[in-house]
Amino acid sequence: MLNASEIVKEIQKRYKVIGRTEELEKIILARLVNKNILIEGEVGVGKTRIAKAIASYYDTNFTRIDCSEETLPHNLVGYFDPPLVISKGYLEDSYIYGPLASSMLKGGCLFVNEINRMPESTQNSLLTALDEGILEIPKLKTIKAHEKFFVIATQNPAAHVGVTVIGEALKDRFIWINLGFQSAEEEILIIKQEAILNDSNGDKIAQISQKIVDRSRNHTSIRRGSSIRGAIDLAQLAFKTENIKSTKNWVNIAIMALYNKIELEDGTTSSKEDIIAGIVLSVLNKADFQ
Ligand SMILES: Nc1ncnc2c1ncn2[C@@H]1O[C@H](COP(=O)(O)OP(=O)(O)O)[C@@H](O)[C@H]1O
Ligand SMILES: [Mg+2]
């Protein structure tokens with residue numbers, strides 16, 4: 001049997017997770033006592049990446065549901081198919097299992113992405129499944145979860161504007177793991193790995209992309225800066241740009257990569273393009289790249 005820190009190393013190696021040692025240790029600990037896990041963090045901090053790595057490590061049976069305001073209980077649990085019910089009646093064959101029911105039966109990991117977005121009625125259908133491992137399907141059967149069944153859910157920070165939060169009852173059934181931003185060094189490694197920057201310019205491109213994104217997070221006119229996805233996109237564009245010594249090219253690709261990923265503070269008079277251009281210029285001036 002591997003101990004917790006060996007498991008963490010194995011997960012990092014096998015699924016190419018950079019850093020996150022402490023957070024992974026916490027998750028392993030929670031899994032050792034069979035707890036369901038709620039990973040909270042900003043867009044792009046690696047919630048999905050970590051959840052998938054954990055699910056793959058424990059089991060290959062990974063079922064994912066991406067929640068929205070329109071995720072209804074039957075999308076999670078399953079439903080009787082009306083034409084089949086007419087021809088066969090309320091039997092197993094007429095029932096279409098949803099991700100929750102099928103994960104409970106197969107004993108897999110159910111990954112509930114952005115759980116806070118699902119309506120309260122849908123949240124309620126998770127409650128008994130989570131603490132007793134039981135799911136009642138009226139007119140069919142009561143499912144008792146396979147011992148390997150578990151749930152990893154993610155949510156954006158509750159403090160976010162416009163984000164609903166999950167109810168107390170549901171929250172109560174999860175162990176909470178928080179993911180913050182990673183260090184600049186780790187982010188650079190992630191950018192290099194994910195953007196596949198494999199020539200001599202790779203280091204420099206990754207460093208500049210990380211810096212640009214980092215500045216967007218600390219800029220007075222920007223309410224929400226870019227996630228690491230912005231840096232990965234930017235690095236990929238830079239890698240394929242013929243002349244990356246050109247400041248103008250950097251400005252253009254930075255606007256392409258970051259425009260949709262940042263939100264300005266209310267009342268900001270400059271345009272998003274100008275703000276991004278300003279960040280690029282200030283980073284390149286210090287990057288000694290020309
Ligand atoms: N620690 C990490 N190691 C490797 N890649 C990472 C890490 N954190 C984030 N990434 C990468 O960054 C991008 C965003 O991560 P993702 O898991 O999709 O974020 P979230 O689900 O929190 O929005 C993905 O390409 C992901 O693979
Ligand atoms: Mg995600």
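This report describes the overall make-up, nonpolar cores and helix packing of a predicted model.

## Overall make-up

The protein has 290 residues, of which 37% count as buried. Its secondary structure consists of 13 helices and eleven strands. The C-alpha trace spans about 70 × 50 × 35 Å along its principal axes. Among contacts between residues at least 6 apart in sequence, 71% join residues at least 24 apart.

## Nonpolar cores

The largest nonpolar core holds 44 residues, and the members that touch the most others are Ile37, Leu100, Met104, Val112 and Ile152. Helices and strands both feed this core: at least two residues each come from α1 (4-14), α2 (21-32), β1 (37-41), α3 (47-58), α6 (99-106), β5 (109-113), α7 (120-131) and β8 (150-155). The largest share is that of α3, with five residues.

Apart from this core there is a second, separate one of 30 residues, with Ile188, Leu197, Ile212 and Ile253 among its members.

Met104 belongs to the larger core. Beyond its neighbours within four places in sequence, Met104 is in contact with Ala129, Leu135, Ile143, Ala145, His146 and Phe149.

## Two buried residues

Ala53 is a residue of helix α3. It counts as buried because 20 C-beta neighbours lie inside 10 Å, and the cut-off for a buried residue is 20 or more. When neighbours within four places in sequence are left aside, the contacts of Ala53 are Ile11, Tyr15 and Val17. Lys16 is 37 residues away from Ala53 in sequence, and the C-alpha atoms of the two are 8.8 Å apart.

Ile27 is placed in helix α2. With 26 other C-beta atoms within 10 Å, Ile27 is buried. Not counting residues up to four places away in sequence, Ile27 touches Ile37, Ile54 and Ile177. Ile37 is also one of the residues that touch the most other members of the largest core. Ile27 and Ile191 are 164 residues apart along the chain, and 24 Å separates their C-alpha atoms.

## Helix packing

Three helix pairs are set out here, beginning with their geometry.

| Helix pair | Axis separation | Crossing angle |
|---|---|---|
| α1 and α2 | 9 Å | about 120° |
| α10 and α13 | within 9 Å | roughly 135° |
| α10 and α11 | within 9 Å | roughly 140° |

At an angle of about 120°, α1 and α2 are therefore oblique to each other. Their crossing is right-handed. On the α1 side the contact is made by Ala4, Ser5, Ile7, Val8 and Ile11, and on the α2 side by Thr21, Leu24, Glu25, Ile28 and Leu29. By class, these residues comprise seven nonpolar, two polar and one charged.

Helix α10 (residues 202-217) takes part in a pairing with helix α13 (residues 272-287). The axes cross at roughly 135°, and α10 and α13 are therefore oblique to each other. The crossing of α10 past α13 is right-handed. From α10 the contact draws on Ile208, Lys211, Ile212, Arg215 and Ser216, while α13 provides Ile279, Val280, Ser282, Val283 and Ala287. Six of the residues in the contact of α10 with α13 are nonpolar, two are polar and two are charged.

Helix α10 also pairs with helix α11 (residues 228-240). Here the axes cross at roughly 140°. Angles over 145 degrees would count as roughly antiparallel, so α10 and α11 are classed as oblique to each other. The crossing of α10 past α11 is right-handed. Ile205, Ala206, Ser209, Gln210, Ile212 and Val213 of α10 meet Ile228, Gly230, Ala231, Leu234, Ala235, Ala238 and Phe239 of α11. The contact of α10 with α11 has ten nonpolar and three polar residues, and no charged residues.

Ile212 appears in the contact of α10 with α13 and in that of α10 with α11. Ile212 is also one of the residues of the second core.

Definitions and conventions:
Residues numbered from 1 in each chain as written. Chains lettered and ligands numbered in written order. Predicted model: local features only at pLDDT ≥ 70, side-chain atom pairs only at ≥ 80, totals over all residues. Core = buried A, V, L, I, M, F, W, Y, C linked by C-beta atoms within 7 Å. Buried ≥ 20, exposed ≤ 12 C-beta atoms within 10 Å, placed from the backbone. Helix = DSSP H or I, 4+ residues; strand = E, 2+ residues; numbered from the N terminus. Contact = placed C-beta atoms within 7 Å. Axes fitted to C-alpha atoms, helices over the stretch in contact; angles between N-to-C directions. Parallel < 35°, antiparallel > 145°, perpendicular 65-115°, else oblique. Left-handed = near helix turned anticlockwise from the far one by under 90°. Nonpolar A, V, L, I, M, F, W, Y, C, P; charged D, E, K, R; others polar.
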